[in-house]
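Visitor: I am new to protein structures and would like to learn how to read one. Could you guide me through a few features, step by step?

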Amino acid sequence: MKNSNLSRQLLYSLLVVGAILLPRVSMAQNVFELKAALTYNFAKFTQWPEVRLDAQSAWKICYFNNQYHDSFMGLSDKTLFTQSVMIIQLSDTSKIEQCDVVFIDANSRGITHRLLLTVENKAILTVSDITGFAMQGGMIEIVEQDKRLQFKVNMQVLEKSGLKISSQVLKLALEVKR
């Protein structure tokens, strides 16, 4: 029953974003907001290790690049698994281990290698819009195709980190690397 409700919530969330919002993207800020919303939804439909779920601390969603500030700050009133969400803007990779989720945008591609080394085999969900991110060792890559945002998933990296993403999300992926 719980799994069925989760699947319905996931499909509803992604359908709202996909069917209603994505075709209407016309301004850059809307794209930033959609990428932030997708990042939150990926976290929401990820199966996290019990130790993280049992922790009584806020979920930390981190991002780089000031152009995403307003978009990610819009998530600060959300919750994940009954805990509040804290949004953190990072300027480098030195504090990345405090994050549960990290979004790295294409303008920050210069730190991608360091970021991936820092989070390797850790339960930190990595999301990016950098072309080839999933092939380079990132977990989820957001791609724009036919004026829509879609995504690719790297299952190998997710599994090594102890994370699992909902099978319903995987069905919506453009590509799943196993």
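Guide: Gladly! Let us begin with a word we will need: a residue is buried when its relative accessible area is under 20%, exposed when that value is over 50%, and partly exposed in between. Keep in mind that this is a predicted model.

Visitor: Thanks. Is Asp100 buried or exposed?

Guide: Asp100 has a relative accessible area of 9%, so Asp100 is buried.

Visitor: Which residue does the side chain of Asp100 meet in a salt bridge?

Guide: First the general idea: side chains of opposite charge can pair when their charged atoms come close. Here, the partner of Asp100 is Arg52, with 2.8 Å from N to O. Arg52 sits in helix H3 (residues 50–54), while Asp100 is in the loop between strand E4 (83–90) and strand E5 (101–104), so this pair links distant parts of the chain, 48 residues apart. Arg52 is buried too, because its relative accessible area is 11%.

Visitor: How many salt bridges does a search of the whole structure find?

Guide: The search finds three. Another one joins the side chains of Lys35 and Asp129, at 2.7 Å from N to O. Lys35 belongs to helix H2 (residues 28–44) and Asp129 to the loop between strand E6 (125–128) and helix H6 (133–136), so the pair ties together parts that are 94 residues apart in sequence. Lys35 counts as buried because its relative accessible area is 10%, and Asp129 counts as buried at 14%.

Visitor: And which residue forms a salt bridge with Glu97?

Guide: That is Lys122, and the closest N and O atoms of this pair are 3.8 Å apart. Glu97 lies in the loop between E4 and E5, and Lys122 in the loop between H5 and E6, 25 residues apart. Glu97 has 53% relative accessibility, so Glu97 counts as exposed. Lys122 is partly exposed, with a relative accessible area of 29%.

Visitor: You mentioned H5. How should I read a helix?

Guide: A useful idea is that an α-helix has 3.6 residues a turn, so residues three or four places apart point the same way.

Visitor: Which residues of H5 are buried?

Guide: They are Thr112, Leu115, Leu116, Thr118 and Val119. Looking down the axis of H5, you would see these buried residues fall within an arc of 160°, so they line one face of the helix. The buried residues of H5 pack against E2, E5, E6 and H6. Just after H5, Asn121 takes a positive phi of about 60°.

Visitor: Now pockets, please. What is the volume of the second largest pocket?

Guide: The volume is about 300 Å³. Helix H5 (112–119) and helix H7 (155–161) are the elements that give two or more residues to the lining of this pocket. H5 gives the most, with four residues.

Visitor: Which lining residues lie nearest the centre of that pocket?

Guide: The second largest pocket is lined by 14 residues, and Leu116, Glu120, Gln136, Gly137 and Val157 lie nearest its centre. The lining divides into five nonpolar, six polar and three charged residues.

Visitor: One last try: where is Gln67 found?

Guide: Look in the loop between strand E2 (59–64) and helix H4 (69–73). Gln67 counts as partly exposed because its relative accessibility is 31%. Gln67 and Phe32 are 35 residues apart in sequence, and their C-alpha atoms are 8.1 Å apart in space.

Note on methods. Residues numbered from 1 in each chain as written. Predicted model: local features only at pLDDT ≥ 70, side-chain atom pairs only at ≥ 80, totals over all residues. Heavy atoms only, no water. 1 Å grid on protein atoms, 1.4 Å probe; cavity = no way out; pocket = protein on both sides within 12 Å on 5 of 7 lines; lining within 4 Å. Points joined across faces, edges and corners; volume = space filled by probe spheres on them. Nonpolar A, V, L, I, M, F, W, Y, C, P; charged D, E, K, R; others polar. Buried < 20%, exposed > 50% of the residue type's maximum accessible area, 1.4 Å probe, protein only. Salt bridge = Lys/Arg side-chain N within 4 Å of Asp/Glu carboxyl O. Arc of directions from axis to C-beta. Contact = heavy atoms within 4.5 Å.
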